[in-house]
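Please open the structure in your viewer and keep the selection panel at hand. The tour below proceeds by selections, and at each stop it says what is to be found there.

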There are 2 protein chains.
Amino acid sequence: MEDARSDQNDKTAGIVIIGNEVLSGKVQDTNSPFLLRELYEQGVRVLRVVTIPDDVPTIADEVRAASARFDFVLTSGGVGPTHDDLTFEGIARAFDVPLREDPTLKALLERHFAGRLTPAALRMAMVPSGTRLVRGGDMRYPLCVVRNVYVFPGVPEILRAKFQVVRHELQGTPFLQVRIFTQQKETALAASLEATLDRVPGVTIGSYPSYDTREYRVMLTLESHDAHQLQEARDILLSLLDGSQVVGVDDPSEITRTPGEP
Amino acid sequence: MEDARSDQNDKTAGIVIIGNEVLSGKVQDTNSPFLLRELYEQGVRVLRVVTIPDDVPTIADEVRAASARFDFVLTSGGVGPTHDDLTFEGIARAFDVPLREDPTLKALLERHFAGRLTPAALRMAMVPSGTRLVRGGDMRYPLCVVRNVYVFPGVPEILRAKFQVVRHELQGTPFLQVRIFTQQKETALAASLEATLDRVPGVTIGSYPSYDTREYRVMLTLESHDAHQLQEARDILLSLLDGSQVVGVDDPSEITRTPGEP
């Protein structure tokens with residue numbers, strides 16, 4: 001991981017899930033699994049997901065740290081009209097900028113609520129100074145971006161729609177991957193994995209024991225941005241494993257972008 | 001949240017999910033949703049869930065901070081035999097204690113692997129000095145506890161079985177809860193929620209718009225360790241809401257422990 005982290009090709013991200021309802025188990029977070037899959041497919045390496053309460057200092061601390069450390073930060077939740085919707089206040093504090101009323105957001109809210117615009121609804125137009133609004137697709141309401149922080153709502157359907165609109169901004173270098181399936185146990189494989197990493201340190205190796213199928217005991221994944229490096233690691237690892245136990249391996253010609261990519 | 005956090009009755013917890021496979025979206029984390037539901041039922045308030053890579057300094061930093069701040073820390077993942085299983089090393093570094101070979105764990109591994117005990121397998125017996133082993137149920141292998149850190153494996157079935165064995169140690173004061181269902185919009189409710197919180201600050205109020213049913217627009221939850229306080233907040237809030245829009249409310253006699261509790 002540390003090698004991968006210093007890779008110049010790497011784009012990194014952190015995800016901040018905001019909401020007491022997630023921490024109390026009332027609502028299951030389906031947003032971070034979605035974002036993790038999407039960002040991986042985009043070639044963006046997520047290095048941290050954190051779920052925190054609706055609390056301004058906590059939001060400020062997490063957003064400030066993540067913004068400094070990662071290329072992209074994605075937040076989810078805490079952008080509605082009630083007392084526990086504190087995400088914008090937290091982000092403003094993270095960057096030490098004031099909240100200000102955005103005229104475009106205010107106009108959209110006025111149109112939506114017609115004559116019934118409450119002070120609470122109007123709070124949704126108060127965003128950190130410097131907020132960029134991204135519109136597109138069939139979104140009635142824009143996505144707010146503050147520096148490198150993409151502020152998503154907690155409702156999964158809306159988050160997914162808004163993600164499509166900024167997908168092109170959240171782009172890294174695609175990961176290349178090779179998989180090896182074996183009947184050897186993890187304990188018997190460990191030394192070979194370490195020896196491979198010693199010789200090709202830029203590659204990332206994952207080891208996933210299977211509990212659902214007898215077709216293989218362990219799936220190994222090798223991963224890199226560099227096709228040459230990946231093939232070298234693949235060949236070294238195959239030479240170290242017990243060949244009679246290998247039940248499947250991706251062909252070198254199949255070195256592909258991550259699953260789900262065309 | 002800040003009031004709740006300083007409540008003397010509160011037991012708090014942090015959850016640390018360790019694994020590149022979760023961050024790359026290959027494996028979806030089902031452990032933290034399980035632990036969040038269980039801990040809430042136990043009356044333990046989880047204030048942070050973080051997912052991090054298989055990286056010793058990162059594990060050490062997260063575990064050290066969480067151990068100091070929360071009553072309980074639960075980790076998941078990174079306890080197998082391969083190069084990326086670094087949880088015990090991270091915890092040892094968090095507390096600045098050495099790893100040492102535990103004789104009980106070593107004997108269990110020797111029995112399990114019979115003549116085929118590899119150095120990699122033996123790594124699983126290397127745990128931080130001061131580790132407590134908890135056995136029980138039908139677990140062949142103990143759960144390791146280091147100070148207030150409960151070290152669970154990443155495999156969901158095993159994590160769930162081990163949780164049952166230490167459930168009685170992870171106990172807080174049960175949360176009491178009342179729910180109110182209304183057809184009012186969140187924007188129309190916000191001021192009433194804030195007014196209620198001003199008068200009964202010890203209660204926690206949640207506001208959950210429904211997108212799945214027309215039976216109500218918003219479910220409000222009031223929550224406290226104190227039944228008297230809870231009923232006071234319930235009565236105040238009901239007096240502030242538009243009664244003709246309230247379509248359901250838990251009876252005072254139904255003030256109960258959190259859902260799922262007997």
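What follows is a walk through a predicted model, stop by stop.

**The two chains together**

Begin with both chains shown, and ask by what turn chain B can be laid on chain A. A turn of 180 degrees with a shift of 0.0 Å along the axis superposes chain B on chain A, and the RMSD is 0.0 Å; that is the relation of a two-fold axis. To find where this axis passes, select B:Val50, whose C-alpha is the nearest to the axis in chain B, at 2.1 Å from it. The same surface serves both copies, in that 100% of the contact residues of chain B recur in chain A.

**The contact between the chains**

Now select the residues at which the chains touch: 45 residues come from chain B and 45 residues from chain A. On the side of chain B that touches chain A, at least two residues each are supplied by α2 (20–23), α3 (31–41), β2 (44–52), α7 (119–122), α9 (186–199) and β10 (204–209) of chain B. Which of these gives the largest share? Colour α9(B), since the largest share of that side, 9 residues, comes from this helix. Colouring by class instead divides the side of chain B that touches chain A into 23 nonpolar, 13 polar and 9 charged residues.

**The sheet that spans both chains**

Select the strands next, and follow an open sheet of 12 strands with mixed pairing, in the order β6(A)-β7(A)-β8(A)-β3(A)-β1(A)-β2(A)-β2(B)-β1(B)-β3(B)-β8(B)-β7(B)-β6(B). The edge strands are β6 (132–134) of chain A and β6 (132–134) of chain B, each of which pairs on one side only. From one strand to the next, the twist averages 20 degrees.

Turn then to the place where the sheet passes from chain A to chain B: β2 (residues 44–52) of chain A and β2(B) run antiparallel and are joined by 3 bridges. Selecting A:Val50 here shows its bridge partner in β2(B), B:Val50, the residue already met as having the C-alpha nearest the axis in chain B.

At the edge in chain B, β6(B) pairs with β7 (residues 143–146) of chain B in the antiparallel sense over 3 bridges, and B:Arg132 stands opposite B:Val145 in β7(B). Add α3(B) to the view: this helix packs on the sheet, touching β1 (11–18), β2 and β3 (72–76) of chain B, and its direction makes about 170 degrees with that of β1(B).

**A helix pair in chain B**

Return to α9(B) and select with it α10 (residues 227–240) of chain B; the two helices pack at an angle of about 150 degrees, with their axes 9 Å apart, and their crossing is right-handed. Show side chains for B:Ser192, B:Ala195, B:Thr196 and B:Arg199 in α9(B), which meet B:Ala233, B:Ile236, B:Leu237 and B:Leu240 in α10(B). By class, this contact of α9(B) with α10(B) has 5 nonpolar, 2 polar and 1 charged residues.

**The domains of chain A**

For the last stop, colour chain A by its domain assignment, which gives domain 1 (2–169) and domain 2 (176–257). Taken over C-alpha atoms, the centres of domain 1 and domain 2 of chain A are separated by 37 Å.

Terms used:
Residues are numbered from 1 along each chain as its sequence is written. Chains are lettered from A and ligands numbered from 1 in the order in which they are written. This is a predicted model: local features need pLDDT of at least 70, side-chain atom pairs count only at pLDDT 80 or more; totals for chains, interfaces and linings use all residues. Two residues are in contact if their C-beta atoms, placed from the backbone, lie within 7 Å. Helices (H or I, at least four residues) and strands (E, at least two) are DSSP runs, numbered from the N terminus. Ala, Val, Leu, Ile, Met, Phe, Trp, Tyr, Cys and Pro count as nonpolar, Asp, Glu, Lys and Arg as charged, and the others, Gly among them, as polar. Two strands pair if DSSP finds at least two bridges between them. Domain bounds come from an automatic or database domain assignment. Axes are lines fitted to C-alpha atoms, for helices over the stretch in contact, and angles run from 0 to 180 degrees between N-to-C directions. A crossing is left-handed if the near helix is turned anticlockwise from the far one by less than a right angle, and right-handed if clockwise. Copies are superposed by least squares on the C-alpha atoms of residues with pLDDT of at least 70 in both.
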